[in-house]
Amino acid sequence: MRRAVCPGSFDPLHNGHLEIIARASNLFDEIIVAVSTNPAKTYRFSIDERLQMARETLSALRGITIEAMGEGLLADFCRRHGADAIVKGVRTSADLAFEVPMATMNRHLTGVETVFLAADPGYAHLSSSLLKEVGSLGGDISGFVPRSVYRRMTAPPPGRA
Ligand code: ADP
């Protein structure tokens, strides 16, 4: 049984993430989508909302589970969950330059390998931050995010319903 972790903050989940998770699930028997929170960052969506959007989108798929990563190292999360590998999507050479030292560190820490999947050109322009910006300025992001994310991105602020 080969198990891999797809980590990210998923603030919010978008179709580029989904494409990588789907391809990862063709390579491994089990995928854990690990939703991370970095205390140094501010998020548009709470950890509960990010988990809920991932669950609404993915939990019907066989072999995929969604978990909060919690505090601590990704390498330790992988060891605790018996994961053989981390899967990361790579959009650009800048992504790779950022990811390679982390991949090497994670391997040195617990032996977990990182598998890089090249982003499909149809999705390589997608990032959570760009989608939040376009959405906040009224752009149509419906083709780039799953339905549960679109619903929350376009919901009126509380009190204005
Ligand atoms: P971060 O954890 O840096 O906030 P994200 O949560 O946005 O990053 O992304 C999680 C993972 O998904 C990262 O491995 C990132 O490289 C990958 N990823 C993000 N956007 C895309 C995309 N459009 N295509 C492929 N992979 C992507």
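The ligand of this predicted model sits in the largest pocket. A pocket here is an open set of points on a 1 Å grid over the protein atoms alone, with protein on both sides within 12 Å along at least five of seven lines, and a molecule sits in a pocket if more than half of its atoms lie within 2 Å of its grid points. Local features need pLDDT of at least 70 and side-chain atom pairs count only at pLDDT 80 or more, while totals for chains, interfaces and linings use all residues. Residues are numbered from 1 along each chain as its sequence is written, and side-chain values use heavy atoms, with hydrogens and water left out.

Around the ligand there are 16 residues (a residue is near if one of its heavy atoms lies within 4 Å). The closest are Ser9, Lys88, Gly89, Tyr123 and Leu126. Sorted by class, this shell holds six nonpolar, seven polar and three charged residues; Ala, Val, Leu, Ile, Met, Phe, Trp, Tyr, Cys and Pro count as nonpolar, Asp, Glu, Lys and Arg as charged, and the others, Gly among them, as polar. At least two shell residues come from each of β1 (3-8), α1 (15-27) and β4 (85-90), where helices (H or I, at least four residues) and strands (E, at least two) are DSSP runs numbered from the N terminus. Helix α1 gives the largest share, three residues.

Which atoms pair up with the ligand? Polar contacts are pairs of N or O atoms within 3.5 Å. A nitrogen atom of the ligand lies 2.9 Å from a polar backbone atom of Leu126. An oxygen atom of the ligand is 3.1 Å from a side-chain N or O atom of His17, and a backbone N or O atom of Phe10 is 3.1 Å from a ligand oxygen. On its own the ligand exposes 550 Å², of which the protein buries 83% (Shrake-Rupley method, 1.4 Å probe).

Phe10 deserves a second look. This residue belongs to the loop between β1 and α1 and has a positive phi, near 50°, although it is not a glycine. Phe10 is buried (under 20% relative accessible area), because its value is 4%. The loop between β1 and α1 also holds Pro12, and the peptide bond from Asp11 to Pro12 is cis, with omega near 5°.

Turning to Arg62, this residue is found in the loop between α2 (47-58) and β3 (64-68). Arg62 counts as exposed (over 50%), because its relative accessible area is 81%. Between Arg62 and Ser25, the C-alpha to C-alpha distance is 9.1 Å, with 37 residues separating the two in sequence.

Methods:
Polar contact = N/O pair within 3.5 Å; in protein donor to acceptor, adjacent residues only side chain to side chain. 1 Å grid on protein atoms, 1.4 Å probe; cavity = no way out; pocket = protein on both sides within 12 Å on 5 of 7 lines; lining within 4 Å. Buried < 20%, exposed > 50% of the residue type's maximum accessible area, 1.4 Å probe, protein only.
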